[in-house]
Structures are given as C-alpha cells and as structure tokens.
Amino acid sequence: MAAAVVVRRAAGLIPLLSSRFGARMPLHRALSQIPPPRFCRLLSQQTKPFSASASNGAATDRTRELRLYNTKSRKKEQFRPRIPGREVGMYVCGVTPYDDSHIGHARAYVAFDVLYRYLRYLDYEVRYVRNFTDIDDKIIARANQLGEDPFSLSKRFSDDFLSDMANLQCLPPSVEPRVSDHVDEIINMIKQILDNRCAYVVGGDVYFSVDNFPEYGELSGRKLDDNRAGERVAVDERKRNPADFALWKAAKDGEPWWDSPWGPGRPGWHIECSAMSAHYLGHSFDIHGGGEDLIFPHHENEIAQSRAACCDSTINYWIHNGFVNVNSQKMSKSLGNFVTIRKVIEMYHPLALRMFLLGTHYRSPINYTIEQLNVASDRLYYTYQTLRDCEEICQHQQSNTGNPLPANTLNYIQKLHDEFETSMSDDLHTSVALAAMSEPLKVMNDLLHTRKGKKQDKRLESLSALEEKIRVVLSVLGLLPSSYHEALQQLRDKALRRASITEELVVQKIEERTAARKAKQYEKSDEIRKELAAVGIALMDGPDGTTWRPSLPLPEEEAVLAKT
C-alpha cells in the first residue's frame, strides 16, 4: 500500500494539492495558495480581469448555478446541497479488484473526479467516498484459479487500481473504505432490515423481499415483472420472489466467512455500499454515482436496502456515466476487445487518455479507437507546447507591469472564463470546456510566433494572463501537469515507442534530409519527411534548423483534414 501512496502523491500538481491542503479544501482556495510560475508574477492585481476569486474567477456567491442530470427524476436539476453551508456528501461505487482496471473504469472515475474538482472550484467542501468491493464471487473465483489468497489478490489489484488513478491524475477521495473492514456495519444494517420485515432468512442466507418494498423500481423505471432473477448470483428456488436478492450468503467451503446471527457467511454485493455510504455520509446525502450499468440492479437495490433500514434515507442526486465501446462494439472479454488502462498508457501518455475521455460528455456513450486517442494526444501536445513556449519567453524577457492589459486580451480571457463555467455548470460539458481553450491558445501562438503578434503592446503580460487562465481550466479538468517540459518529453517518448523508432534514428533521418536538401535532392528529402510522418513523427523546419514533434500518423491526419 505504501508504494501506491507514493505513486499517487507523484501524480502531478493537483494530487499534491490534496495531500498538502487536505481533501476538503475548495480547489480554487488551494490554487490561490500556490505561488504561480515566475512569469505569471508579471501581472499586478490591477491587471486582473475578474473581480471574483483571484485564483480562478469562480464567484464566491456561485453566480453560475450547477445543474446535474438526475437519473431518478430523468431530468437536469439545479444542484442544492442537502444541508446548505455543510460539506457535500458524494459516494461513488468503486471497483471489484480481481483484475486489471479497464478503460470503462477510467471513464467512470475520471468523470466523477471532474465533478469532485468542479464542486470544489465552486467553493463547496466535499466528502468523497469511493469503496473497494474486496469480498465478491469474482474475487474468490479468480483467487482459486490462481491459487492465491482472496484478500491478497484483491489488495494487489486495489493497489494497481490506485496507481492507475494516480497516473490519470484522479484526486484521492476523502475515504476509500473496503468491505472487509465494515462487516459489522453490514450485519447491523441487515438486522435493521429484518426488524422492519423487509427481509427473510433461509438456511443461513438472508434475502431482501422486494414485495415488501412498494417503491422498488423507481430509479430504473423497471416493473417487477421485468426484473432479472439475479445479478452475479444463480437463481435460487428458495426465494419468495425471483427478484429477491441476497443480503447475506451462508459460508461455503473454501470461501472467506464471518460470524453472524444467521451463521457463518459473507455479505451480498448490494448491501455493502448501502452500509458503507451510511457509515461515512449518513443515511441521507447529496450525490451517489457510478456507471450506467449499475442503475439496475445495484443502485435500485441500494435504494431499497437503505430505505428498508432507515425510512428517512434519501439521496438527492443519482448520477451515472455512459458506456465505453471499442471500435463501435461493446467492450467485453468475450469479444477480445477488453482494453486495460495499463495497456493504453504503455503507448500513450495517461493524460492523453484523460483528454480523450473528456472529449465526450460523460453521459453519452464513448467510442474508443486508436485514431481518436491519437487525436487527443496530438491536441495535448499542442496545448502543452504552447504553454511551455509562453513559459520560456516570459522567463527570459523583462516586462512592464502596472498598466492595464489590452482590451482584446481581457475579452479573450473573459470569454474563456464564461464559456468554461457555462459549459461545466451545464451538467459538466467537458468537451465544450476543452473547445473553449482553442481560441486563447491560437492567440498565444500568434503572440509567440507571428511578426504582428511580437509587436503587440503588453505582449508578455497578455501571454502571462492567458496562460494563467488556461492553467486554471486545465486544473479543474485534471489535465495540468506538474511540468510542461516533462509532460512534453513524456509525450515524445510515447510517440517514439508507437513509431517503433529511437530518437537517435530520427536525428539521423533529419541529418540525411538536410544533406539531401543541400544537394538539391528534393525528392529524397520529401521521402524522408513522408516516411517519418507515416508513423507520427512530424519534421519542423525553422531558422535554427529542423526539429521534430509527435503528430497524427499521416493517413490519420489526412482523414481528419478530409472531415473538416
């Protein structure tokens, strides 16, 4: 576990914020306490374009109200904390750690990480709970297959999951409980459900009686006649209703077990989250989240259990992310298109995967393809290269401070601010927020590299102000690296790996091309450029010679251009 903690703390600037300032500190307040890069200090307070928070422009009175789609009501609703002025309680169903985490997991936890960050940006204090289901049929089956202790296996994959989340720059939740540590709480909740006559005991097993809970099906909209007999379990003829589900499972040979009033056994799947969410957030809290596949039966059963144990139990917002398809097919092991996070980040920067995931609204299905991942990686490189160029020029040149920024610069910054908050407050439209950075980045490149831009008044101050605002947007989206320079080098290294080429060979090709051009062998020169472009290595000619950068492989670039 210690190794996983080290990895998480090394994940970049934002995870470091959490460890230094505490998980409950609002994000903009934490950002305001970080000294900006030296070049950002060019700006004086008088040149700040916003009268709101100096760090991120988030108005302290939350003038942009957050609206979230509530699965239960089937509409967008204005977010109102259950208890104004108190911390927001958010519970997200975690993984069952029996195998490597896949891009479906990445999709879910990046989505809720963005919600966590944005709530903090809006100055809410948040208690974020995400569990590990470390007792489950799948874990037991996999452990038996490998000849490994179930708890050893689940801990190993839990630690790997935490490492994956750190690589994706997901902030650590406030609490990460494990089922195995909360069996007492689970047993107590089952007792309450039995006392309230919503469950029954059959030979050491305890089942929830859906017939005794009239509201069953209100989340999913399913009728009892439509319900499957079981999920993760076999049909049991001892049930009073085929839709009844296990709260407690009697012990079987070779399985872990605990003592209980009904004999030795272990918890059912659904009761675990009800008990842990109640333990850490109370029977009523603000947000419960997870993948769309959890709406039924898992979250439907959670509502039934929680209400049966405590009639006043209420969760105000049920939020679910959409599925991940691979090359337009549902991702599954049986189809052989099961893609793990680790497999992706062998070849791509983890933040390229995060960028790809944020390019689609969290509730929409997302289609994973290598081509789209390449586009995200290219976009990330362009963003970081622009910001790195800005960093370098502002560090090495002097500027005049104290005068207002040019009106057009203020307009670009205000427009980015407004588009960012409008899109994020409208049910977290991250794709629109990403697109909002395009114009400021183009303006920065003009200021950096064009003859006209280099002559603009207050050029360095404009660059600094634009970079500062983009940095805040990247922070909230979880895309801000600890170093632009390091991130760019990592992106270059991944591009070389994908191209199956070394940097030494690229330099050699550049030298061959330079010699060919001097000898006026332009056909050979073009062949070398196209050869490298075909594998995603673009050559850039400049006054100081030729350099290279990652790019879309030539056939993919041509396909993208054809669509525009």
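The residues lining the second largest pocket divide into 7 nonpolar, 9 polar and 8 charged. Here Ala, Val, Leu, Ile, Met, Phe, Trp, Tyr, Cys and Pro count as nonpolar, Asp, Glu, Lys and Arg as charged, and the others, Gly among them, as polar. The model is predicted: local features need pLDDT of at least 70, side-chain atom pairs count only at pLDDT 80 or more, and totals for chains, interfaces and linings use all residues. Residues are numbered from 1 along each chain as its sequence is written, and side-chain values use heavy atoms, with hydrogens and water left out.

The second largest pocket holds about 890 Å³ of space. Pockets and cavities were found on a 1 Å grid over the protein atoms alone. A pocket is an open set of points with protein on both sides within 12 Å along at least five of seven lines; a cavity is a set where a 1.4 Å probe fits but cannot get out; lining residues have an atom within 4 Å of a point. Grid points are joined across faces, edges and corners, and a volume is the space filled by probe spheres set on the points. The lining of this pocket comprises 24 residues. Gln385, Asp389, His449, Met540 and Thr547 lie nearest the pocket centre. Helix H12 (370-396) supplies the largest share of the lining, 7 residues. At least two residues each also come from helices H15 (438-449), H18 (484-499) and H19 (503-518), and from strands S14 (537-542) and S15 (545-550). Helices (H or I, at least four residues) and strands (E, at least two) are DSSP runs, numbered from the N terminus. Domain 2 (371-486) and domain 3 (500-562) both contribute to the lining, so the pocket lies between them. The domain bounds come from an automatic or database domain assignment.

The structure also holds 6 cavities of 30 Å³ or more. The second largest cavity encloses about 90 Å³. Its lining consists of Arg107, Val110, Ala111, Val114, Leu357, Leu358, Thr360, His361, Tyr362, Leu428 and Thr430. Two elements, H4 and helix H11 (350-358), give two or more residues to this lining. H4 gives the most, with 4 residues. By class, the cavity lining has 7 nonpolar, 3 polar and 1 charged residues.

Helix H4 spans residues 103-121, 19 in number. From first C-alpha to last, H4 reaches 26 Å, close to the 27 Å expected at 1.5 Å a residue. The expected span is 1.5 Å times one less than the number of residues. Of the 19 residues of H4, 18 are buried, so the helix is largely enclosed by the rest of the structure. Buried means under 20% relative accessible area, exposed over 50%, and partly exposed in between (1.4 Å probe, protein chains only). Aspartate 123 follows H4 and has a positive phi, near 80°.

Further backbone features occur elsewhere. Leucine 428, a residue of the cavity lining, has a positive phi near 60°. Leucine 428 sits in the loop between helix H13 (407-425) and helix H14 (430-436), and counts as buried at 4% relative accessibility. Serine 328 also has a positive phi, about 70°, although it is not a glycine. Serine 328 is in the loop between strand S11 (324-326) and strand S12 (329-330). At 59% relative accessibility, serine 328 counts as exposed. The peptide bond from phenylalanine 296 to proline 297 is cis, with omega near 5°. Proline 297 belongs to helix H9 (residues 295-309).

The structure holds 29 salt bridges, each a side-chain nitrogen of Lys or Arg within 4 Å of a carboxyl oxygen of Asp or Glu. Lysine 72 pairs with glutamate 218, with the closest N and O atoms 3.2 Å apart. Lysine 72 lies in the loop between strand S1 (67-70) and strand S2 (75-78), and glutamate 218 in the loop between strand S6 (205-208) and strand S7 (245-250), so the pair ties together parts 146 residues apart in sequence. Lysine 72 is partly exposed at 30%, as is glutamate 218 at 29%.

Arginine 363 and aspartate 427 form another salt bridge (2.8 Å, N to O). Arginine 363 lies in the loop between H11 and strand S13 (366-368) and aspartate 427 in the loop between H13 and H14, so this pair links parts 64 residues apart in sequence. Arginine 363 is partly exposed at 28%, whereas aspartate 427 is buried at 0%. Asp137, Lys249, Glu255 and Arg266 are linked in a network of salt bridges.
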